[in-house]
Amino acid sequence: MSAGGDDAVEAGARLSRQIPSFAAIGLTGYVVDAGITYLGAKYLGLSPEIARPPGFVIATIVNFALNRAITFRHAKAPLARAFLRYCLVAAGGLAVNYAVYSLCVVFWPLIGLTATPGVLPLFVAAGSGVAMVVTFVGFRWFAFRP
């Protein structure tokens, strides 16, 4: 096999390792995000829209540290540059994530149900699931590039 073929095989192998670790770290971020959202709505009396941003911010920082250390550990991007790029991609992911979350908050009552603190983690999961695809691509090919 040629050197180019070896590079392609290594890239494919790396990608097959990155996807599961990214998903596991995303699950960790979901737990942080949904937990803080739930606690803010349940115990601080915050509206579903206001309860969400603190969870997302903390989950973003946690996920950056874990993704840099595990998923994209091969990346050579300097820490500050990687974090800035990560935040830019995460902002796009947040827009997608929050849009799906907000649609759930808006449409849930239209089907006759109440958006209680207990269902907010489901809405966070819906937003996170859609945004996960967008952010993986951005993190892999932009945030952690030198």
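**Figure 1. Helix α1 and the lining of the largest pocket.** Helix α1 contributes eight residues to the lining of the largest pocket, the most of any element. The model shown here and in the other views is predicted. The pocket has a volume of about 380 Å³. Its lining counts 23 residues. G26, N63, N97, S128 and T135 are the closest of these to the pocket centre. At least two lining residues come from each of α1 (3-43), α2 (48-71), α3 and α4.

**Figure 2. The whole chain, for orientation.** The protein holds four helices and zero strands. Read from the N terminus, the order of elements is α-α-α-α. Along the principal axes, the C-alpha atoms fill a box of roughly 60 × 30 × 20 Å. The chain has 146 residues, and 33% of them are buried. Take the contacts with a separation of 6 or more: 74% of them join residues 24 or more positions apart.

**Figure 3. Close-up of F22 in helix α1.** F22 sits in α1. Its relative accessible area is 7%, so F22 is classed as buried; the cut-off is under 20%. Beyond its neighbours within four places in sequence, F22 contacts N67, T71, F72, M132, T135, F136 and F139. F72 is 50 residues away from F22 in sequence. In space, the C-alpha atoms of F22 and F72 are 8.9 Å apart.

**Figure 4. Close-up of S21, also in helix α1.** S21 belongs to α1. Its relative accessibility is 16%, and therefore S21 counts as buried. With neighbours within four places in sequence set aside, S21 is in contact with I70 and T71. T71 also appears among the contacts of F22.

**Figure 5. The largest nonpolar core.** This core has 13 residues. F72, Y86, F139 and F144 have the most contacts inside it. Helices α3 and α4 are the elements that give two or more residues to the core. The largest share, four residues, is from α3. One of the well-connected members, F144, has a long contact list. Leaving out neighbours within four places in sequence, F144 touches F64, N67, R68, F72, A75, K76, A77, A82, Y86 and F139. Another core, of nine residues, lies apart from the largest one. Its members include A51, Y101, L120 and F123.

**Figure 6. Helix α3 from end to end.** Helix α3 covers residues 79-110, a run of 32 residues. At 1.5 Å a residue, the expected span is 46 Å. The C-alpha atoms at its ends are 45 Å apart, so the model agrees with the expectation. Buried positions in α3 are A82, R85, Y86, V89, A90, G93, N97, Y101 and V105. Of these, Y86 is among the core residues with the most contacts, N97 is one of the residues closest to the pocket centre, and Y101 is a member of the nine-residue core. A95 is also in α3. At 49% relative accessible area, A95 is partly exposed, because exposed requires over 50%. A95 and G35 are 60 residues apart along the chain, with 20 Å between their C-alpha atoms.

**Figure 7. Two cysteines, C87 and C104.** C87 has a relative accessibility of 29%, so it counts as partly exposed. C104 has a relative accessibility of 21% and therefore counts as partly exposed too. The cut-off for buried is under 20%, which means that C104 falls outside that class. Searching the whole structure for disulfides gives zero.

**Figure 8. The loop after helix α3.** G112 follows α3 and has a positive phi, near 90°. L113 is placed in the loop between α3 and α4 (120-143). Its relative accessible area is 39%, so L113 is partly exposed. L113 and R17 are 96 residues apart along the chain. Their C-alpha atoms are separated by 40 Å.

Definitions and conventions:
Residues numbered from 1 in each chain as written. Predicted model: local features only at pLDDT ≥ 70, side-chain atom pairs only at ≥ 80, totals over all residues. Heavy atoms only, no water. Expected span 1.5 Å × (residues − 1). Buried < 20%, exposed > 50% of the residue type's maximum accessible area, 1.4 Å probe, protein only. Disulfide = S-S within 2.5 Å. Core = buried A, V, L, I, M, F, W, Y, C linked by side-chain atoms within 4.5 Å. Contact = heavy atoms within 4.5 Å. 1 Å grid on protein atoms, 1.4 Å probe; cavity = no way out; pocket = protein on both sides within 12 Å on 5 of 7 lines; lining within 4 Å. Points joined across faces, edges and corners; volume = space filled by probe spheres on them.
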